[in-house]
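Here is a friendly walk through one model, from its sheet to its helices and a few residues in loops. Please have the sequence and the 3D view open as you read.

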Amino acid sequence: MPISEYFSRDYASASQRFQSAASRAGGTLISYGLPGHTGPSGEALGIDVVRLGNAQSQSALLVISGTHGVEGFAGSGCQVGLLEDRLYEALPESVCLVLVHALNPYGFAWLRRVNEDGVDLNRNFVDFSRPLPSSAAYEALHEWLVPADWEGEARRAADAALIAFGEAQGMPALQAAISGGQYTRPVGLFYGGTRESWSARMLARVLAEVLPGTVRRLGVIDLHTGLGAAGYGEPIVDGSRPADRERALRWYGADVKDLSAGESISARLVGTMARGIERARPQVELTFVGLEFGIRPIMDVLTALRADHWLHAQSTVDPAVRASIQQQMRAAFCSASPAWQAAVYGRTADLVFRALRGLG
Ligand SMILES: [Zn+2]
């Protein structure tokens, strides 16, 4: 089967493809349905999980797609490929493989990066029993990021203000202020929410119910798109302990970038998934990388995100404008180019094999 056939054009076919490939692989398939929401064609939404290999293993590799909804087209294609290419036949006896498909199924189906509550899952893993992180840097920019109108004077003034901020403070400071994570603006970008999301609760169930209780060493590859050079996958290690970051370098090689050190194409973030997994399974040795694939220039991606958040802040929008913004989101976060898809799948498969060697 050509690699491009692993990749789907909508959530419903991606989910079906994953489920049928998983059942052919003979794995244990578990689905968690998202209550109260459906997709654009009325389809049910949910997270699909398959476990392959030794159910009493000491080590496990978890590969996650669709943490950021619309980014799931790429991750789903890679997961389907791993199943179709029978990766599980290469599993060492001591390692099991868990694939989590469409962790944010609502965003995947509706072409949004955020979930059904406007929440960015990879900012939602804060400890909500403690005071929320500061949103001051984002607050200074919010009115410009999501202006009152998208085609008129307010947008032009907002763009000029953002450009002026970037020139005065530098682009890394602008990126950090926008994308670091904020907890005050539910209609804004990179909003982490004020309570644990449904997807975060389901991930906790996967860790408790699907991941074998015998696992002491866990590798996670969380698949993302949107940042970096087109077709290149940057492995970004997110670990709170130096040993976890050093292990990622040993497994994956010198092109691993450290999120906490500010080395990555991503800004430093708060409330990331790695913190949630560390809290859920504190006894486990965790090696967590986000694998981030570039598609479009960063300003195109930011413009698509601003348009998407503007769109969802309106009570009524011309259907043609809505369709055009959804098309912008699709173009910013997934590519139908077979060359891009082959690069993404090849890089992902390479990192999966490196992880299995590290874990085995
Ligand atoms: Zn992402």
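Two residues are in contact here if their C-beta atoms, placed from the backbone, lie within 7 Å. This is a predicted model: local features need pLDDT of at least 70, side-chain atom pairs count only at pLDDT 80 or more, and totals for chains, interfaces and linings use all residues. Residues are numbered from 1 along each chain as its sequence is written. Helices (H or I, at least four residues) and strands (E, at least two) are DSSP runs, numbered from the N terminus.

**The sheet**

Let us begin with the strands, where two strands pair if DSSP finds at least two bridges between them. In what order do the 8 strands of the open sheet lie? The order is 1-2-4-3-5-8-6-7, and the pairing is mixed. Strand 1 and strand 7 are the edge strands, each pairing on one side only.

At one edge, 7 bridges link strand 1 and strand 2 in the antiparallel sense. Y32 has I47 in strand 2 as its bridge partner.

Strand 6 (residues 233-237) has two neighbours to look at. With strand 8 (residues 285-294) it runs antiparallel, joined by 5 bridges, while 2 bridges join strand 6 to strand 7 (residues 257-258) in a parallel run. V237 takes part on both sides: its bridge partner in strand 8 is V289, and its partner in strand 7 is D258.

For burial, other C-beta atoms within 10 Å of a residue's own are counted, again with C-beta atoms placed from the backbone: 20 or more makes a residue buried, 12 or fewer exposed, and anything in between partly exposed. Why is strand 6 described as largely enclosed by the rest of the structure? Because 5 of its 5 residues are buried. From this strand, G233, P235 and V237 point one way and E234 and I236 the other way, and all are buried.

**Helices across the sheet**

Angles run from 0 to 180 degrees between N-to-C directions, and axes are lines fitted to C-alpha atoms, for helices over the stretch in contact. Helix 1 (residues 11-24) lies across strand 1, strand 2 and strand 4, at about 25° to strand 2. Helix 13 (residues 338-359) lies across strand 3 (59-64), strand 4, strand 5 (217-230), strand 6 and strand 8, and runs at about 155° to strand 5.

**Helices 7, 8 and 11**

In helix 7 (residues 171-179), L174, A177, I178 and S179 are the buried residues. Their cover includes helix 4 (136-139), helix 5 (142-145) and helix 6 (153-169). G181, just after helix 7, takes a positive phi of about 125°.

Helix 8 buries W198, S199, A200, M202, L203 and V206. These residues pack against strand 1 (28-38), strand 2 (44-53), strand 4 (95-101) and helix 10 (273-280).

Helix 11 has V301, L302, A304, L305, R306, A307, D308, H309 and W310 buried. Its buried residues pack against helix 5, strand 5 and helix 12.

The expected span of a helix is 1.5 Å times one less than its number of residues. For helix 8 (residues 198-210), 13 residues should span 18 Å, and the end C-alpha atoms are 17 Å apart, which agrees. For helix 11, 16 residues should span 22 Å, and the end C-alpha atoms are 23 Å apart, which agrees too.

**Helix 11 against helix 12**

How do the axes of helix 11 (residues 298-313) and helix 12 (residues 319-333) meet? They come within 9 Å and cross at roughly 145°. Helix 11 supplies D300, V301, A304, A307, D308 and L311 to the contact, and helix 12 supplies R322, I325, Q328, M329 and A332. By class, these residues are 7 nonpolar, 1 polar and 3 charged; Ala, Val, Leu, Ile, Met, Phe, Trp, Tyr, Cys and Pro count as nonpolar, Asp, Glu, Lys and Arg as charged, and the others, Gly among them, as polar.

**Residues outside the helices and strands**

Two residues have a positive phi although neither is a glycine: R86 at about 55° and L111 at about 60°. R86 is in the loop between helix 2 (72-84) and strand 4, and L111 in the loop between helix 3 (105-109) and helix 4. D10 belongs to the segment before helix 1. Their surroundings are listed here.

| Residue | Burial | Other C-beta atoms within 10 Å |
|---|---|---|
| D10 | D10: partly exposed | 16 C-beta atoms |
| R86 | R86: exposed | 12 C-beta atoms |
| L111 | L111: buried | 23 C-beta atoms |

Finally, D10 and A161 are 151 residues apart in sequence and 36 Å apart in space, C-alpha to C-alpha.
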